[in-house]
Every structure is written in C-alpha cells, then in structure tokens.
Amino acid sequence: MDKKLGVYICTGCGIVEALDIEKLEKKVPPKIKIRKTHPIVCSPEGVGLIKEDIASEGVNTVVIAACSRRVLYDVFDFGPAIVERVNLREGVIWSHKPQDPDAEEPDEFIQEMAEDYLRMGLAEAERILPAEPYQPEEPIDKRIMVLGGGVTGLSAALDVAKAGYEATVIEKAAKVGGFAAKLRKQTPSSYPYEDLQEPVIEQIIKEAQAHPRVEIRTGIEVARIAGAPGLFDVTFKEPGSKSKWDIPAPVEEVEGAEAPPQPPMADKATPEDPANILAKDPEAERFGAIILATGWKAWELPKETEAPKEGEEPEAKEPSYDHLGLEKLANVVTNVALEEMAAQGKILRPSDGKPATSVAFVQCPGQGSDEDFPYAAAITSTVALKQAKYVREDGGPDARAYIFYQHMRTLGQNEYFYKSAQQDEGIFLTKGDVVSVSENGDGTLVLEANDTLLGENIKVSVDMVVLGTGMVPTTKDDPVLNLAYRQGPGFLDLDLFDGYPDSNFICFPYETRRTGIYVAGCVRRAMSIQECREDAAGTALKAIQCIESANRGVSVHPRSGDMTFPDFFFQRCTQCKRCTEECPFGALDDDEKGTPLPNQTRCRRCGTCMGACPERIVNFADYSIDSIGSMVKAMDVPEEDEKPRVLVLACENDAYPAFDMVGIKGLSYSPFVRIIPVRCLGSMNVVWIKDALSKGIDGILLIGCKFGDDYQCHFIKGSELASIRMDKIGEALLSLALEKERVKQVEIAIDEYDKIPGIIKEFMDTIEEVGPNPFKGF
Ligand code: SF4
Ligand code: SF4
C-alpha cells in the first residue's frame, strides 16, 4: 500500500498549556507534508479538516495526536483510511505533573514523552495495513440449534424466532419441558414477590410448538459437532446409542502387563478414526450457531470410596453427609425429590404415606462446617422458602416448616419473598449447624442443630427432612457437544470451573471457550426460571450476532466487528504446533504434518498465536510483530541518562484503560515509562522483549489481567500464557548476562488504576538498583 500520512495534533484539553507544540510538530519527518494543529480536533471543524485532506490530498493514513484511542473512536473513524491515535492527553499531560509547577516552559520530561509517543505512533502508522474482512469459503448458515428443550432452550428458540431467525430445538427426552414441567409452583417473578406462581412452562411449550420458525425434535441427541460458526456440521443419534463418532475411552494400564493400545489423538488419527476432526460427515446437518441449554442434573450423594491399598496415597477425603441420613432414613429426601412429590399431589412421608405436617429443610451439611451442599446457590435458598410454603399449603394451620441454613441468599426482589416467609408464623428460619438427623422409632425424625440464632442448641421432631442439595451442570464430566475439535470433545479445563462451560465469569456470561456456542440457564449457573428466560434472550442475541458477524467476515467477540484476522506465512512454518496448542479458543486445527489450519469464524483475534509463534509468521493487518516492534524501536533511549527507560506492554482490555484512568483521576507516574497497548498479553512475542533489551531499554513491565481461578483475561488464558513465556525470558536474560529483574509481569484489574503509580514506582526503583542496561549505546 502506498501510504500518504496526515498528522493532526490537537491543542485542546490542556495539551497546548503543557507541551511545546511547535517543537512537537518538528518531530514529524519532513517527508510527511500534511501536518496540522487544531484547537479541538474532535470538533466538526477538526474532523472536517481531516475529511477534506482525505478527499482532496489523498491522505490514507491519519495520525491523530490527541486523546486516548479508547475514546471518540467513532468520531475518528475515517474508514477506509487507517487511523492511528497518539495518546497525548490521558497518557502524557493528564498523568504527569511538571517538576516545577510555576515554570513557564513546558516540562522537559513530559515534552520528551509526547515526542516519543508521536514517533512511536508514526512508526506504527507506517507499518499497519487497512483491515479487510475475511471471506468465508462457503455460505454462512443462519439456522440456530438449541440443545435442550427445557424452559431455557424453548425460551431461547422463541427469542431467536421472534427476531426473524430459525431455531431447531434438540431434546434428548421424549417430551420437552425439562424440570420446569415437574414443578408444582414457581417462585414469584412479579410484585409483590410474595406469592407462589403457576409454572409458565406450559405456555412456553405451546408458544414454541406453534411458532412457524421453531422446529422441535425430541428423542435425539448430538453425536458430533464439527466445523465453525456459520458452518457447524451436526450429526445426531438416538439417545444413548452408539455412533461412529464415539471415541473409545482410554484403556487403563495394568501393572506388569504390556501397555494396551490407546485411542488415537486427534492429530494422529487416520481418516477412518472417530478422532479424525477433519473428517466430513455426509449425514451431518448444518447450523450457524449453537445455544447450549441442557440444564442441570441433581447432585448425588458421593459413593463411598474404596480404602487405599497398602502403599497407596489416600484420596482427598470427601466431606461426610452420613449424619444427615440421606439414603439411610426413608423420610430424608432431597429438594428435587420433594418437588416431584409436591407436583404430584400432597407432601407425604415416604415411610408410610402419611401427610407430612412438619418438615425441616437443611441447607448446609453442618457438623461444624460453614459450607453449603456442593453446587448449591442462591436458588437453593429460594427453593427452600418455596417448599416451606408448600408444607404450609398442604398441612393446614398447624403445619410447620423449619429452615436451617448457614447462608440464606435471596437476591434482588427475592428479599420480599424471604420476608413473606419470615412473617409466616408456621415457618421458622434460623442459622444453625445441623449435627445429626435420627429416627425415633415411629418414623418421625429428630434433627439436632447447634449454634442457632436462638443462642442455643435445639432439637426438633419432624415428619420429614429435606436436604437443599445443588444443581450440577450437565457439562460436568460429560462433553455433551462431542466437538470435533483438536482441543477435545468438550470444554477444556472444566474441572477448574466445577464443570461449568465458562469463558469469563465476570464480563461475558454467555460465551464459552468455543466461539459460536453460547450457554444459557442452569448449565451456566444455578438459577431461577425467570433468570433462565433472561439468559435465553441473551444467548439468542449472541447467537444471532455471531451468525451475522461470521457472514460479514468480522470478529464476533470480544473484539466485535474487528475485520482483521491472523494471517499465516506458511512457507516459513516449522509445524511446531505452538499456535494450535496455545489458541485459547480451539480456532486452529492442524493437518497430519502439524501445519495449522485456521478456522477464521472461530477466531477471536486475540493474537495468542502471534505471540506463540517462534518463527514470527502470524500477523494481523493492523497488529503485527513488525508494527509493535517498530514502536519499540522508535522509542528514544538516551545513551547518557541517569534515569532508566522502561517499556510497558499493557493489555488493552484492563491495563491500558487503567492507565487512562490514572490520567483521568489526576494521579501520576514516572515520565520515563512508555506504554504500548497490546491486544492481550498472550499476543506478546518474546522478540519484542529481546528487541527492547538489545536497544538498551532498562526494564520491561508486562501488565495484564489476573489469571488463576478468578481469572479475568478476556481471552481466558492469555495473561497466564505470558507468565509461562516469562519463565523462558528469564533464562534468556541470564544467558545474556542480564538480570532477570529487568522483565516483570504484573496482574491488574480495570478498577485497580490507583495501584498503577505504586507499581511503576516499585519497578523503577528495582531497575535503578539493578543499574543501566549494558546494551545501551550498542
Ligand atoms: S490464538 Fe487468538 S487470534 Fe490466534 S487463531 Fe486463536 S483465537 Fe484467533
Ligand atoms: S507457531 Fe508458527 S511455526 Fe509453529 S506451527 Fe504455528 S505458525 Fe507454524
């Protein structure tokens, strides 16, 4: 592309008061003829000036030195011209105070910073290319498959249909409705949030069955899903039946015997193997996006584990539930069993069929522990309140319900529901530690609880005990989708998330780690019917957005509308498979030699493959090894300067906005730091670090999202991958006789901007202590 740059420096928002604009403008190389200053570049006149230069002067690359790239991006959208933003406002003048506030001249360090950023911006602008959307090879299918015909699945299908798209509901059972069809009543979803409500499921079923754009298929399940958003190829089978796509389970090795043959790994499979992810199934049906709404399964009492053999390590001990009598005492049941009983008529004691007029609800296993039952959540508290009301409805004025909890969680308007139960004289609520449940001979049960709110240990005699057990996601220990993906049939690392198909628990509730597959209802987290319906609407919109984005060849999420995609220079690929293995979204398959096979509609444009590639052959039009490398190289590193120079590679999702917030809030940090935003720390290629160090930059700080159990990375594991690469950087530094303290990674959340000045100071102090980079001046 023949670049014609135009540079526009804004003097508004305090910029002209803090900087020598004439001096700054002189840093623009003479070959760039179009360079202008304007008092308010974002004003209609300022924008008009740029548009005029694009139209009459042929400017095709616009460099705007003004505010952060995170603001006014729609105002400064001059597509198809390339736009580069130089952050003078938040990044320089708002976040740095002059050494002498009374000085008439601009501060020299702040001026240097602005000049550096302008040079870096110009270097990047020279190297980036206009983005062009990816062209799907086959037409995108716009039908949405909804897995699960319960309240969530049917609601999602209806929402899809009402938006003008076609939905196909796949239900394993012979009838739709799921557990919602087994309820006697629902918790209230409208004012005054006190009275139980008739179940809505029948109405939803009727509406879905009658809608011309909703197709419902029962008694089938998925055998395999191959392909990518817009191009998913789905094979079905009868529930529980065998399929040619079933991958045999690994065979257990027997000590002393020859190792048994194991099923092939995806990348070693022959064309006939079920593990061959590239095989096309001629019987498959095509869909554009998938909504996973397979709901939950009831928690089951853990089976007793075998005693360890001699010399074996004992397995981690499961908490004990023995003292509660489930599966031992007939009149101890779970909340699921009670609901089914209540829906069929009256609440009766299982031991003798007599009406149960006093029932205790146990919300936590107790015996000194503060824990809830596994997979219990706020909904478990609300269900206990609802079932307590059943007891009162069925048993007459003398009926009694006792609720023992450690945590009574009634979120939002459910607080009114809780209050209504509190005000019922037949419902007793107390925090308490249940220590035992026993039978007293006539079928009645005696429950003992310590540390109750009454300030004493109590015993109650009841007809039944109901345990408030949790809702286990159907994705726990079951791939459900049987994906023909290199990364396996389910979602990776589900154990870390207790089996929930999570992608980012804070920011993106409906996304899974597989693009185009959205998750709603109780498979995502335990929730009420009302919440399931809201979730359904959310996923319906996400699925539609995905299909339309795939159709336009742009990224769906979280870089919605991004037209760039990873471009591989395959001639230099060494088939090392790092990119395929590190891609957090399973976007890359590979052929038998290990050459990556991109699925662009699965790709989220995180750049992790770019960071992973040792050959540096993965790049995006507007974000490449060269574009960031050129910014690093454009940084001015004085040979003789007592102040260390530090490069910060900041994740654009949390860290870079946090830096902007430092400026907005009037905080400040060292003016010897230069920040380059990156798509994700996972996209950080170690060559940038090596370039920076060999240039003489004294220290490099990588600032990204938190990782681990409470990870916040927009791309799931980018930040974590960067930390793994950091270990390797440490070794490389030592081999160059550089101190490992020169490169450091820090995790930060977007709202922790106030920590930034301290983080920078601490790092600057460390680098000052370590001393100047010996490569300075070479
Ligand atoms: S690593 Fe990121 S950018 Fe690369 S293929 Fe995977 S999703 Fe796309
Ligand atoms: S990381 Fe680079 S060299 Fe390795 S397989 Fe991927 S593209 Fe090829």
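Trainee: How many residues of each class does the shell around ligand 2 have?

Mentor: Classes first. Ala, Val, Leu, Ile, Met, Phe, Trp, Tyr, Cys and Pro count as nonpolar, Asp, Glu, Lys and Arg as charged, and the others, Gly among them, as polar. Here the shell has eight nonpolar, two polar and three charged residues. A residue is near a molecule if one of its heavy atoms lies within 4 Å of it. The residues that surround ligand 2 number 13, and the closest are Cys 573, Cys 576, Lys 577, Cys 579 and Cys 613. Some ground rules: this is a predicted model, where local features need pLDDT of at least 70 and side-chain atom pairs count only at pLDDT 80 or more, while totals for chains, interfaces and linings use all residues. Residues are numbered from 1 along each chain as its sequence is written, chains are lettered from A and ligands numbered from 1 in the order in which they are written, and side-chain values use heavy atoms, with hydrogens and water left out.

Trainee: Which way do the side chains of strand β20 point?

Mentor: In a regular strand the side chains alternate between the two faces of the sheet. Strands (E, at least two residues) and helices (H or I, at least four) are DSSP runs, numbered from the N terminus. In β20 (residues 464-467), Met 464 and Val 466 point one way, and Val 465 and Leu 467 the other way. All are buried, meaning under 20% relative accessible area; exposed is over 50%, partly exposed in between (1.4 Å probe, protein chains only).

Trainee: In which sense do β13 and β20 pair, parallel or antiparallel?

Mentor: Strands of a sheet pair through backbone hydrogen bonds. The rule asks DSSP for at least two bridges between them. β13 (residues 332-334) and β20 pair in the parallel sense over three bridges. Thr 334 stands opposite Leu 467 there. β14 (residues 358-362) also runs parallel to β20, joined by four bridges.

Trainee: What counts as an aromatic pair?

Mentor: Rings of Phe, Tyr and Trp (its six-membered ring) pair if their centres lie within 6.5 Å; planes under 30 degrees apart count as stacked, over 60 as edge-to-face and the rest as tilted. The count comes to 16 aromatic pairs. Tyr 402 and Phe 428 are stacked, at 5.3 Å centre to centre with 15° between the planes. Tyr 402 lies in β15 and Phe 428 in β16, so the pair ties together parts 26 residues apart in sequence.

Trainee: Are Tyr 402 and Phe 428 buried or partly exposed?

Mentor: Tyr 402 is buried at 17% relative accessibility. Phe 428, at 38%, is partly exposed.
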